[in-house]
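I sat down with this one to look up its ligand surroundings, its voids, its aromatic pairs and a few backbone oddities. My notes are below, in the order I took them.

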Amino acid sequence: MKDLAGANLDKFKDPAVTAKGETRATVALTHPETLWFNTGTLCNIECVNCYIASSPSNDALVYITADEVRDYLDQIKARDWPVHEIAFTGGEPFMNPQMIEMTEAALAAGYEVLILTNAMRPMMRKSMQVGLLRLNKAYPGKLTLRISVDHYRADLHDAERGDGAFDKTLTGMKWLRDNGFRMAVAGRSVFADSDEDSRAGYGRFFAEHSFKIDAQDPGMTVLFPEMDESVEVPEITTACWSILDKSPDAVMCSSSRMVVKRKGAAAPAVLACTLLPYDPEFELGTTLQEAERDVALNHPHCAKFCVLGGASCSA
Ligand code: SF4
Ligand code: SF4
């Protein structure tokens, strides 16, 4: 659903036309390289500003199963999509009891796997540790865990995530480091640090703990902007690409889709991207074939994060 406010009230209504009557921009799926799976919205913690409103009680998106993941992996081959990466996000993916089985299915099918996690208790359970160790050994260099570290300072991280969260995540990261896992980090720009200052701070944090993560590489230290839907944003028209000198191929929905399973739904659904999990307009169907259609940029996020801000969730 669109939570439009203030100056955006008249905008983002018609998928074909903007409030000013201009043709709205669309994005074609030109190079589907990453297929995301949302493992479910349940999370062991409840962060301020969680983009998907995860919590220990939010099961709006229920646990996807390994059989469902395998079905979509088969569809990738059948549709001949040039996917090289399967990515899992939540909620907290390691809350899903079939997380290891799903990861193994993706690795066995030949894909690189990216898992977004807070590296806390769900990942540190014995069954998950044993599974991760086995898969990292069997598929060397193919598995990356992207850890959410909202800020490299414990007090600011805990202000978003709750007291003691930083130390628990640090414990998980040290376990990953000591067992040779490839790690990336997702940070946030909610604290208004400049990109340069943020990367310098993360660099010091990584060096202090001997984490092999490049703070200057935007693919390994990913800094996400905040999503405030009340801020006025322009609507993106077909003329914007040349005005901004930007290609639709640089936008996430040209290269990825996300599979989710809604509570009560008979089957999983395929969404345009990871950024709009609850808006029915961005649900494209139940199969990858149905999800091959163009996406109309009819949401403030499309303008703010993708076209004007350059957001990308891809590793
Ligand atoms: S750990 Fe991630 S998914 Fe869980 S509440 Fe925090 S931001 Fe949301
Ligand atoms: S939010 Fe971005 S990736 Fe998602 S549909 Fe809009 S432009 Fe595409």
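These entries go from the ligands and voids to the rings, and then to the backbone and two single residues.

**Before starting**

I am working from a predicted model, so I keep that in mind throughout.

**Ligand 2 and the largest cavity**

I began with ligand 2 and asked which residues surround it. I found Val251, Met252, Cys253, Cys273, Leu275, Leu276, Phe282, Val295, Leu297, Cys302 and Cys306. Sorted by class, that shell has 11 nonpolar residues, no polar ones and no charged ones.

Next I wanted to know which void the ligand takes up. The space taken by ligand 2 turns out to be the largest cavity. I noted a volume of about 80 Å³ for the largest cavity. With the cut-off at 30 Å³ or more, I count one cavity.

What lines the largest cavity? I get 13 residues, and Cys253, Cys273, Leu276, Cys302 and Cys306 are the ones nearest its centre. These five also appear in the shell around ligand 2. By class the lining of the largest cavity comes to 12 nonpolar residues, one polar and no charged. I also checked which element gives the most to this lining. That is helix H9, residues 300-307, with three residues.

**Ligand 1**

I then moved to ligand 1 and listed its neighbours: Cys43, Ile45, Cys47, Cys50, Ser54, Gly91, Asn118 and Arg161. This shell splits into four nonpolar residues, three polar and one charged.

Gly91 made me look at the backbone there. The peptide bond from Gly90 to Gly91 is cis, with omega near 10°. I place Gly91 in the loop between strand S3 (85-89) and helix H2 (99-108).

**The second largest pocket**

I looked up the second largest pocket as well, and its volume is about 190 Å³. Its lining is made of Lys11, Thr18, Ala19, Lys20, Glu22, Pro234, Glu235, Thr237, Ala239, Cys240 and Ile243. By class I have five nonpolar, two polar and four charged residues in that lining.

**Aromatic pairs**

How many aromatic pairs are there? I get eight. A pair of rings is described by the distance of the centres and the angle of the planes, so I wrote down both.

I picked out Phe37 and Tyr72, which form an edge-to-face pair at 6.2 Å centre to centre, with 70° between the planes. Phe37 sits in strand S2 (residues 34-38) and Tyr72 in helix H1 (residues 66-79), so this pair ties together parts that are 35 residues apart in sequence. Are these two buried or exposed? Phe37 is buried, and Tyr72 is buried too.

I also followed the ring pairs into a cluster, which links Tyr152, Phe166, Tyr202, Phe205, Phe206 and Phe211.

**Phe166**

I took Phe166 from that cluster for a closer look. It belongs to helix H6, residues 165-178. Its relative accessibility is 9%, so I log Phe166 as buried. I also checked its C-alpha against that of Met120: the two atoms are separated by 9.2 Å, with these positions 46 residues apart along the chain.

**Positive phi angles**

Most residues other than glycine have a negative phi, and most peptide bonds are trans, so I went looking for exceptions.

Asn49 is one of them, with phi near 70°. I find Asn49 in the loop between S2 and H1. With a relative accessible area of 41%, Asn49 is partly exposed.

Ala53 also has a positive phi, about 55°, although it is not a glycine. Where does Ala53 lie? I find Ala53 in the loop between S2 and H1. Its relative accessible area is 47%, so Ala53 goes down as partly exposed.

**Trp241**

My last entry is Trp241, in helix H8 (residues 240-244). Its relative accessible area of 12% is under 20%, so I put Trp241 down as buried. I also compared the C-alpha atoms of Trp241 and Val307, which are 66 residues apart along the chain. Those two atoms are separated by 8.5 Å.

Definitions and conventions
Residues are numbered from 1 along each chain as its sequence is written. Chains are lettered from A and ligands numbered from 1 in the order in which they are written. This is a predicted model: local features need pLDDT of at least 70, side-chain atom pairs count only at pLDDT 80 or more; totals for chains, interfaces and linings use all residues. Side-chain values use heavy atoms; hydrogens and water are left out. A residue is near a molecule or strand if one of its heavy atoms lies within 4 Å of it. On a 1 Å grid over the protein atoms alone, a cavity is a set of points where a 1.4 Å probe fits but cannot get out, and a pocket is an open set with protein on both sides within 12 Å along at least five of seven lines; lining residues have an atom within 4 Å of a point. A molecule sits in a cavity or pocket if more than half of its atoms lie within 2 Å of its grid points. Ala, Val, Leu, Ile, Met, Phe, Trp, Tyr, Cys and Pro count as nonpolar, Asp, Glu, Lys and Arg as charged, and the others, Gly among them, as polar. Grid points are joined across faces, edges and corners, and a volume is the space filled by probe spheres set on the points. Helices (H or I, at least four residues) and strands (E, at least two) are DSSP runs, numbered from the N terminus. Rings of Phe, Tyr and Trp (its six-membered ring) pair if their centres lie within 6.5 Å; planes under 30 degrees apart count as stacked, over 60 as edge-to-face and the rest as tilted. Buried means under 20% relative accessible area, exposed over 50%, partly exposed in between (1.4 Å probe, protein chains only).
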